[in-house]
Amino acid sequence: MLSTTCNVLKRCASKTGSLGAVSCRLKHSLPDLKYDFNALEPYISADIMQLHHQKHHNTYVTNLNVAEEKLQEAIAKNDTSAIIALQPALKFNGGGHINHSIFWENLSPNGGGEPTGDLLAAINKDFGSFDAMKKQLVASTVAVQGSGWGWLGYNPGTGRLSVATCANQDPLQATTGLVPLFGIDVWEHAYYLQYKNVRPDYVSAIFNVANWDDVASRLAAAK
Ligand code: MN
């Protein structure tokens with residue numbers, strides 16, 4: 001999905017990697033929101049949305065591009081130590097870009113309510129009911145220690161949905177193998193300006209703008 005948020009290409013032309021594959025350098029860019037900053041009010045304020053998208057997400061994009069540039073240089077020099085040293089920056093900034101790109105699409109001013117169709121059937125099968133899934137996702141997400149994310153994910157191995165949490169910007173699929181369907185950002189930058197220290201109110205409120213159509217299409221694509 002990141003291909004939709006990448007600007008092609010910087011220097012794809014004549015370089016070939018060690019395996020003979022064409023070495024392409026993709027430069028990531030901040031995806032546009034499909035709604036205005038104030039569109040999710042009163043549940044998420046315009047101030048939060050603007051800062052979160054324009055500053056926080058944009059910083060992950062900028063720093064991911066820097067890290068990938070350094071990675072290309074390290075690979076070109078065959079500097080294995082430098083390649084390894086870049087992994088934390090790639091995970092943090094790459095995870096931040098992946099996570100937020102999903103998060104914006106998981107939300108909609110026309111969201112809320114309950115899912116329908118195959119998504120609801122899967123939730124009912126694996127959790128018993130929508131309310132039971134919501135209760136588990138809220139409890140797990142509120143309980144994240146420090147900064148991180150709560151997720152509803154899909155396990156391609158078992159065909160089942162499950163709830164998981166990740167610390168920092170650790171991306172769900174690379175960390176757990178679960179395909180991310182619906183994520184809740186519980187970094188303080190996501191809610192503190194409006195909800196102060198009351199994370200549970202923010203996590204509950206976000207269900208009023210949950211875009212279940214987007215979650216359903218992610219499940220369909222994952223199957
Ligand atoms: Mn965030």
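Me: Which strand order does the open sheet of 3 strands have?
Reply: Happy to start there, and do keep in mind that this is a predicted model. The open sheet has 3 strands, and their pairing is antiparallel. S4 and S5 (179-185) are its edge strands, since each pairs on one side only. Read across, the order is S4-S3-S5.

Me: By how much are neighbouring strands of this sheet turned against each other on average?
Reply: The sheet in question is the one with the order S4-S3-S5. With direction ignored, its neighbouring strands are turned against each other by an average of 25°.

Me: How many bridges pair S3 with S4?
Reply: Strand S3 covers residues 148-155 and strand S4 covers residues 160-167. The two form a hairpin with 4 residues between them, and Gly159 in the turn has a positive phi of about 75°. Within this pair, Trp151 stands opposite Ala164 in S4. The pairing is antiparallel, and the number of bridges is 8.

Me: And over how many bridges do S3 and S5 pair?
Reply: On this side of S3, Gly150 stands opposite Ile184 in S5. The sense is antiparallel here, and the count of bridges is 6.

Me: Which helix packs on the sheet?
Reply: Look for a helix that touches S3 and S5. Its direction makes about 150° with that of S5. The helix is H9.

Me: Which residues have the most contacts inside the largest nonpolar core?
Reply: In general, nonpolar side chains of soluble globular proteins tend to be buried together. The largest nonpolar core here has 37 residues. Beyond its neighbours within four places in sequence, Trp151 is in contact with residues including Val163, Leu172, Leu178, Pro180 and Phe182. The residues with the most contacts inside the core are Trp151 and Leu152.

Me: Are H4 and H9 roughly parallel or roughly perpendicular to each other?
Reply: Helix H4 spans residues 117-127 and helix H9 spans residues 212-222. Their axes come within 8 Å and cross at roughly 80°. That crossing angle therefore makes the two helices roughly perpendicular.

Me: How many nonpolar residues does the contact of H4 with H9 have?
Reply: H4 brings Gly117, Asp118, Leu119 and Ala122 to the contact, while H9 brings Trp212, Val215, Ala216, Leu219 and Ala220. By class, 1 residue is polar and 1 is charged, and the number of nonpolar ones is 7.

Me: Is Ala85 buried or exposed?
Reply: Ala85 lies in helix H2 (residues 80-85). A residue counts as exposed if 12 or fewer other C-beta atoms lie within 10 Å of its own. Ala85 has 12 C-beta neighbours inside 10 Å, so Ala85 is exposed.

Me: Where is Asn78, and is Asn78 buried or exposed?
Reply: Asn78 sits in the loop between H1 and H2. Its phi is near 55°, a positive value in a residue other than glycine. Because Asn78 has 9 C-beta neighbours inside 10 Å, Asn78 counts as exposed.

Me: What is the phi of Asn168 near?
Reply: Asn168 is found in the loop between S4 and helix H6 (172-176). With 17 other C-beta atoms within 10 Å, Asn168 is partly exposed. The phi of Asn168 is positive, although the residue is not glycine, and is near 55°.

Me: In which loop is Pro42 placed?
Reply: Most peptide bonds are trans. The bond from Glu41 to Pro42 is cis, with omega near 5°. Pro42 has its place in the loop between strand S2 (27-28) and helix H1 (46-76).

Definitions and conventions: Residues are numbered from 1 along each chain as its sequence is written. This is a predicted model: local features need pLDDT of at least 70, side-chain atom pairs count only at pLDDT 80 or more; totals for chains, interfaces and linings use all residues. Two strands pair if DSSP finds at least two bridges between them. A nonpolar core is a set of buried Ala, Val, Leu, Ile, Met, Phe, Trp, Tyr and Cys residues joined through C-beta atoms within 7 Å. A residue is buried if 20 or more other C-beta atoms lie within 10 Å of its own, exposed if 12 or fewer, and partly exposed in between; C-beta atoms are placed from the backbone. Two residues are in contact if their C-beta atoms, placed from the backbone, lie within 7 Å. Axes are lines fitted to C-alpha atoms, for helices over the stretch in contact, and angles run from 0 to 180 degrees between N-to-C directions. Angles under 35 degrees count as roughly parallel, over 145 as roughly antiparallel, 65 to 115 as roughly perpendicular and the rest as oblique. Ala, Val, Leu, Ile, Met, Phe, Trp, Tyr, Cys and Pro count as nonpolar, Asp, Glu, Lys and Arg as charged, and the others, Gly among them, as polar.
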